[in-house]
Amino acid sequence: NKYREKLLEYYETVRKYDDKYPNQLTAKETAALTKAGFVPGSDWKTNDDYMEDYPDKKGYFGAKAQQALILIDLDKDPRDYKGLDILADLVKGLNNSNMLAEDNNTNYLRALIAVNKYNQKGTKPIDYDRDQVFKNLKSMVAEDGGIKGNSDSGTSINTALMLQAMEYMPD
């Protein structure tokens with residue numbers, strides 16, 4: 001509760017008066033604060049559109065993974081968002097044996113987390129090729145035991161994302 005109160009204090013005393021975007025929350029902030037139980041007052045502008053912040057990146061796998069995670073946290077359906085099925089696009093990437101050459105491990109792991117979190121809700125589960133996903137995951141393991149970043153060494157963020165992805169993996 002102490003941390004929650006400090007976070008809310010920050011948003012009410014500092015962020016609210018931001019020169020560039022006063023009273024405006026980004027999509028990630030909206031999702032995080034909503035999940036923490038903060039209900040922004042009418043003087044706050046909330047946002048659920050991560051991809052709108054990056055209009056030139058609507059086709060990018062990483063932006064779609066971020067958008068799906070935000071929608072899931074806000075209890076919105078990433079399979080029907082502005083006429084797009086974001087999760088279907090993510091599954092195409094997860095099933096692609098060349099995906100890690102085309103994108104990066106961080107985005108791949110976030111996409112897997114998004115699909116698995118969505119599937120845990122049990123509404124309209126979307127399936128993916130588990131064998132291919134496990135092959136892709138196995139190829140991410142670095143010699144040091146971590147999960148590779150943009151080099152052959154493990155990174156703490158990707159290792160943490162892998163642990164989170166595995167938490168949501170079905171049996």
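How much area does the protein chain expose, and what share of it do carbon and sulfur atoms supply? Let's begin with the whole chain and then move in on three pairs of side chains.

**Figure 1. The protein chain as a whole, shown as a predicted model.** The chain exposes about 9,900 Å², and 49% of this area is supplied by carbon and sulfur atoms. Of its 171 residues, 42% are buried. You can count 9 helices and 2 strands here. Following the sequence from its start, you meet eight helices, then the two strands, then one more helix: α-α-α-α-α-α-α-α-β-β-α. Take the contacts with a separation of 6 or more: 54% of them come from residues 24 or more positions apart. The chain also has 6 salt bridges, and the next views show three pairs among them.

**Figure 2. Lysine 64 and aspartate 89 form a salt bridge.** Look for the closest N and O atoms of this pair, which are 2.9 Å apart. Lysine 64 belongs to helix H4 (residues 61-73) and aspartate 89 to helix H5 (residues 86-95), so the salt bridge ties together parts that are 25 residues apart in sequence. Is lysine 64 buried or exposed? Its relative accessibility is 15%, and lysine 64 therefore counts as buried, because the cut-off for buried is under 20%. Aspartate 89, at 28% relative accessibility, counts as partly exposed.

**Figure 3. Lysine 121 meets aspartate 75 in a salt bridge.** Here the distance from N to O is 2.7 Å. Where in the chain do the two residues lie? Lysine 121 is in helix H7 (residues 105-121), while aspartate 75 is in the loop between H4 and H5, so this pair ties together parts that are 46 residues apart in sequence. Lysine 121 has a relative accessible area of 41% and is partly exposed. Aspartate 75 reaches 65% relative accessibility and counts as exposed, because exposed means over 50%.

**Figure 4. A salt bridge joins lysine 124 and aspartate 77.** The closest N and O atoms of this pair are 3.1 Å apart. Which parts of the chain does the pair link? Lysine 124 sits in the loop between H7 and helix H8 (130-139), and aspartate 77 sits in the loop between H4 and H5; these distant parts of the chain are 47 residues apart. Lysine 124 is partly exposed at 42% relative accessibility. Aspartate 77 is partly exposed too, with a relative accessible area of 25%.

Conventions:
Residues numbered from 1 in each chain as written. Predicted model: local features only at pLDDT ≥ 70, side-chain atom pairs only at ≥ 80, totals over all residues. Heavy atoms only, no water. Helix = DSSP H or I, 4+ residues; strand = E, 2+ residues; numbered from the N terminus. Buried < 20%, exposed > 50% of the residue type's maximum accessible area, 1.4 Å probe, protein only. Contact = heavy atoms within 4.5 Å. Areas by Shrake-Rupley, 256 points an atom, 1.4 Å probe, with all protein chains shown as cover. Salt bridge = Lys/Arg side-chain N within 4 Å of Asp/Glu carboxyl O.
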